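Q: Hi! I have a protein model open and I'd like to walk through it with you. Could we begin with a turn between strands?

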Amino acid sequence: MKRTCLLTAILICFLFLTGCVEKEILDDLYIETGKAYDYVGEDKIRGTALFPIYLADKSIQNGTLSAEASSTREVLEKLERRSQQPLVRGSLDVVLVGEELAKKGIIDIGDSLQRDASVGARLYLTVTEGEAGELIKGNYGLRGNGTYLSNLIQHNITRRELPETNLHMFIYDYFQDGQTPYLPILKQLSNESVAISGIALFDKDKMVKKVPAKDMFFFKLLVDKYAEGSHVIKMGKEKSRGHVENSIEASVTSLKSKNKIIVKHNADPVEVTVRVKIRGIIREYTGKKLTPDKVVEVEKQMKKDIEENGTRMLKEFQELGIDPVGIGQIQKHGVRGFDFKEWEDSIYPRVKFNVDARIQILEAGTVE
């Protein structure tokens with residue numbers, strides 16, 4: 001009898017508790033999938049929230065709201081006051097920052113995002129050419145702009161020349177000594193199309209340099225342990241039957257690549273070698289015949305391209321005092337009593353760089 005009364009009391013408690021839970025219907029919410037921030041002058045920023053509106057015919061319309069304020073927190077409050085339904089950030093996929101704002105510093109935005117428990121640390125933080133608010137208002141794909149932009153970045157990380165990046169990695173690189181962060185750059189090509197146009201390099205939280213699209217392949221080889229991508233190799237000129245010289249190119253796709261950074265800690269100056277190993281295939285060759293000798297030439301020319309461009313980029317980072325490769329981190333773990341200020345002021349500016357590329361072509365289509 002006592003057991004029956006206890007069970008009855010527990011059931012009554014559950015009924016009261018479930019009645020206290022606040023119910024929210026998805027159709028009565030604006031679920032943010034993207035956000036954009038731009039600098040508008042006088043220490044003010046403009047925030048633009050992106051959310052999908054599901055129509056009766058099952059299509060998706062991109063809804064946006066914008067507000068200006070002096071801080072990200074105030075922007076959020078103003079957006080809420082202008083929204084006819086609650087704004088929810090739990091499905092945020094991508095946050096865009098205009099290039100002008102990126103040059104002034106973006107840690108306030110990153111910090112605000114990481115402190116929000118509803119926001120996942122793996123969302124994509126990006127820089128845009130021009131205004132981020134204009135780019136996010138386009139009309140991309142059929143699943144909404146947030147999903148489109150997120151899928152665009154993910155595809156370029158897994159299959160192309162964009163190194164792995166997300167909010168968590170940016171915040172981690174920002175706060176640790178010996179490595180500086182980087183983010184992808186998006187460019188609006190039309191109202192229906194967006195492309196990855198480069199990589200933004202940061203000194204702390206301020207953008208100081210852009211890696212153009214043509215150098216992204218080399219950058220990814222330097223900063224990613226494993227990388228995929230493609231590279232077009234200029235092979236000089238070849239005479240055709242009409243005695244006309246045609247430029248010869250070979251397009252090599254990397255099937256598997258990895259790098260290893262070797263630091264001679266006690267050398268003076270410190271010597272750093274980035275060893276890159278690539279196994280790839282020739283997807284296209286514009287010459288007359290792709291003979292075994294030509295394949296060897298492709299390997300040699302690709303080795304030269306990687307070594308020259310990789311070394312050039314490392315020296316450019318050195319001159320700017322930035323370290324997206326994380327050489328300072330490796331030095332810190334290899335030297336007892338490491339003094340980061342000494343490294344930054346007098347050791348890193350004198351580091352001697354070397355890139356050692358080892359190329360193996362596994363397949364070349366029909367080789368005569």
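A: Happy to! Keep in mind that this is a predicted model. A good place to begin is the hairpin of strand 9 and strand 10, where two residues lie between the strands and Lys204 takes a positive phi near 60°.

Q: Cool. How many bridges join strand 9 to strand 10, and which way do they run?

A: There are six bridges between strand 9 and strand 10 (residues 206-212), and the two run antiparallel. As one example, Ala200 has Lys210 in strand 10 as its bridge partner.

Q: And what does strand 9 form with strand 8?

A: Strand 8 and strand 9 form a hairpin, with two residues between them. Here eight bridges do the joining, and strand 8 (residues 182-190) runs antiparallel to strand 9. One pair to look for is Leu186 with its bridge partner Ile196 in strand 9.

Q: Is strand 9 mostly covered or exposed?

A: Mostly covered: of the 11 residues in strand 9 (residues 193-203), eight are buried.

Q: Where do side chains point in a strand, generally?

A: In a regular strand, they alternate between the two faces of the sheet.

Q: New topic: empty space. How many cavities of 30 Å³ or more are there?

A: The count comes to one cavity of 30 Å³ or more. The largest cavity has a volume of about 40 Å³.

Q: Which residues line the largest cavity?

A: Its lining is made of Glu164, Thr165, Asn166, Met169, Phe170, Asp173 and Tyr182. Helix 7 (residues 167-175) gives the largest share of that lining, with three residues.

Q: What classes are in the lining of that largest cavity?

A: A mix: three residues are nonpolar, two are polar and two are charged.

Q: OK, and pockets? How much space lies in the largest pocket?

A: The largest pocket holds about 300 Å³ of space. It is lined by 17 residues, and those closest to its centre are Ile45, Ser70, Leu101, Gly105 and Asp108.

Q: Which elements give two or more residues to the lining of the largest pocket?

A: Those are strand 3 (44-54), helix 2 (72-82), helix 3 (99-104) and helix 4 (107-115). The largest share comes from helix 4, with four residues.

Q: Last one: what about classes in the lining of the largest pocket?

A: In the largest pocket, the lining has six nonpolar, five polar and six charged residues.

Definitions and conventions:
Residues numbered from 1 in each chain as written. Predicted model: local features only at pLDDT ≥ 70, side-chain atom pairs only at ≥ 80, totals over all residues. Heavy atoms only, no water. 1 Å grid on protein atoms, 1.4 Å probe; cavity = no way out; pocket = protein on both sides within 12 Å on 5 of 7 lines; lining within 4 Å. Points joined across faces, edges and corners; volume = space filled by probe spheres on them. Nonpolar A, V, L, I, M, F, W, Y, C, P; charged D, E, K, R; others polar. Buried < 20%, exposed > 50% of the residue type's maximum accessible area, 1.4 Å probe, protein only. Pairing = 2+ DSSP bridges.
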